[in-house]
Amino acid sequence: MTLLDNADAQYPDLDSLSSEELMRIDPLDGRKLRIGIVCPYSMEYPGGVQFHILDFAEELMERGHYVQVLAPGRRTKDMPLWVQTTGTSFSIRYNGSVARLSFFGTVGLRTRRWIRQGHFDIVHLHEPEVPSLPHTALHPGFDHPPYVATFHTSFDHYPKSLELFSNYLRNRTGMIDQAICVSKSSYEVMEHYIDPAVPVHIIPNGVQTKLFESAQPNPEWKGTTSAPTIGFLGRMGEERKGFRVFAEAMRHILKFYPHARFLCAGDGEDAARKILDDISPDLVKHVEFLGRISDEDKARFYKSLTLYIAPQTGGESFGIVLVEAMAAGCPVVASDLEAFRAVSENGKGANLFLAGQSKSLAQNVIGLLANEPVLDDLREAGKRCAHKYEWDRVDVELLRVYADALKGRGDDAEGSDKPKRRRRGRFSSRLE
């Protein structure tokens with residue numbers, strides 16, 4: 001496996017360029033592509049991979065490319081017309097969460113037919129190791145366009161199930177032309193089962209930072225010095241999202257700030273109420289449940305908070321919620337997971353506490369609330385950290401990978417009998 005350096009000499013430092021300058025950089029030299037993106041998880045339920053795919057598809061279309069997306073599950077009213085679905089999905093426990101996949105029956109045939117009939121120049125597979133649509137595209141003997149694959153998953157402990165299937169996955173992933181990992185932690189999982197001949201790039205998820213920067217606060221969510229508003233966003237019923245850690249910290253925070261309000265957005269209110277009741281029946285009166293919120297309200301949510309808390313306990317390959325909050329100028333207190341350390345530049349852009357330790361979280365929150373100058377510094381540092389994840393920068397890096405995949409096929413968009421050309425490179429600066 002070749003881990004490539006994304007810093008190509010023909011391109012300037014992307015962090016130094018404005019959005020307008022970035023839009024003028026075109027690794028494809030003006031060529032407009034037909035791109036198919038295959039999602040492993042149902043679009044009916046919100047999740048980081050799904051949001052990433054939808055955002056990137058819109059970025060590609062803004063640059064003039066034709067994009068279609070295939071995903072498991074049923075269509076919803078707000079689903080874009082360029083997203084097609086299989087109509088079915090099933091749920092399994094996966095990495096501390098519930099994944100809604102589509103794999104059995106004729107799903108593989110339908111996925112490969114969709115790829116064939118799409119006449120795509122590039123097909124982008126997400127999480128091809130998962131038993132879902134992208135994996136069915138890795139079918140022996142299937143004549144396909146260049147495959148680019150993105151690996152998102154990170155585990156605290158490498159699962160036995162993947163160990164058992166490592167040889168099988170190594171064989172199937174040999175069909176991939178270029179691979180992308182969203183972080184060092186996802187790379188450390190993927191390297192166990194990827195075909196060693198596949199070039200690998202580490203490129204983070206993109207975030208619409210301008211949406212969060214320009215958001216207006218909601219007066220109803222704004223706090224004061226004596227009555228701060230402290231926020232949580234995520235699936236409250238999933239243990240790894242850390243709601244229990246957050247709830248246990250509330251008890252200690254309320255001793256110092258008895259008028260604090262805890263705003264909780266996302267699914268799982270019933271589970272959250274049970275957790276609060278287990279800890280102390282009085283806690284719930286300090287908590288406001290907002291349910292699922294739109295992207296616009298999510299931006300206003302971050303913009304309105306005194307502090308945003310990311311108490312996840314593990315299984316995170318990236319930190320999109322951290323980047324969103326930091327982009328909005330909201331001070332962040334996050335668990336010290338490897339992925340969160342990377343996004344916050346080892347605590348420069350976010351205050352880190354010991355993962356899973358509610359007292360550590362509470363101490364950090366209380367200390368920050370008592371020191372407004374430190375909070376102000378954290379806001380500014382967070383904005384600087386978030387800047388590098390703006391989509392205008394990330395999509396240039398992703399388009400470079402597309403260009404490499406096309407070159408590896410001799411620039412033959414319909415496929416070629418020419419052997420794949422692998423190029424070697426230096427270790428990515430993102431791992432240093």
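## Exercises on a predicted model

Let's start with the sheet: six strands form an open, parallel sheet in the order β13-β12-β11-β14-β15-β16. Keep in mind that you're looking at a predicted model.

### Exercise 1: Find the edges

Work out which strands are the edge strands of this sheet.

**Solution.**
Step 1. Look for strands that pair on one side only; these are β13 (287-291) and β16 (351-353).
Step 2. Now check the twist: on average, neighbouring strands of this sheet are turned by 25° against each other, direction ignored.
Step 3. Strands of a sheet pair through backbone hydrogen bonds, and the pairing can be parallel or antiparallel. Here the pairing is parallel.

### Exercise 2: Zoom in on β15

Describe how strand β15 (residues 332-335) is joined to β16 and to β14, and where its side chains point.

**Solution.**
Step 1. Take the β16 side: three bridges join β15 to β16, and the two strands run parallel. One pair to look up is A334 with its bridge partner L352 in β16.
Step 2. Go to the β14 side: three bridges join β14 to β15, again running parallel. Here I309 stands opposite V333 in β15.
Step 3. Sort the side chains: V332 and A334 point one way from β15, while V333 and S335 point the other way. Whichever way they point, all of them are buried.

### Exercise 3: Helices on the sheet

Say which strands are touched by helix α9 (residues 243-256) and by helix α11 (residues 295-304).

**Solution.**
Step 1. Helix α9 packs on the sheet and touches β11 (229-233), β12 (261-265), β13, β14 (307-310) and β16. The direction of α9 makes about 165° with that of β12.
Step 2. Helix α11 packs on the sheet too, touching β11, β12, β13 and β14. Its direction makes about 145° with that of β11.

### Exercise 4: Salt bridges across the chain

The structure holds 19 salt bridges. For three of them, E390 with K210, R244 with D278 and E324 with K298, work out which parts of the chain are linked.

**Solution.**
Step 1. E390 and K210 meet through their side chains at 3.4 Å, N to O. E390 sits in the loop between α15 (372-387) and α16 and K210 in helix α8 (residues 209-213), so this pair ties together parts that are 180 residues apart in sequence. Buried means under 20% relative accessible area, so E390, at 4%, counts as buried. K210, at 38%, counts as partly exposed. The two also belong to a network of salt bridges with D392.
Step 2. In the R244 and D278 pair, the closest N and O atoms are 3.7 Å apart. R244 lies in helix α9 and D278 in helix α10 (residues 269-279), so parts 34 residues apart in sequence are tied together. R244 is partly exposed at 38%, and D278 is exposed at 57%.
Step 3. E324 and K298 meet at 3.2 Å, N to O. They link helix α12 (residues 320-327) with helix α11, 26 residues apart. Both E324 and K298 are buried.

### Exercise 5: Buried or exposed?

Decide whether R393 is buried or exposed, and find its contacts.

**Solution.**
Step 1. Locate R393 in helix α16 (residues 391-408).
Step 2. Its relative accessibility is 3%, so R393 counts as buried.
Step 3. Leave aside the neighbours within four places in sequence; R393 is then in contact with L14, D15, L17, L22, H387 and K388.

Methods
Residues numbered from 1 in each chain as written. Predicted model: local features only at pLDDT ≥ 70, side-chain atom pairs only at ≥ 80, totals over all residues. Heavy atoms only, no water. Helix = DSSP H or I, 4+ residues; strand = E, 2+ residues; numbered from the N terminus. Buried < 20%, exposed > 50% of the residue type's maximum accessible area, 1.4 Å probe, protein only. Contact = heavy atoms within 4.5 Å. Pairing = 2+ DSSP bridges. Axes fitted to C-alpha atoms, helices over the stretch in contact; angles between N-to-C directions. Salt bridge = Lys/Arg side-chain N within 4 Å of Asp/Glu carboxyl O.
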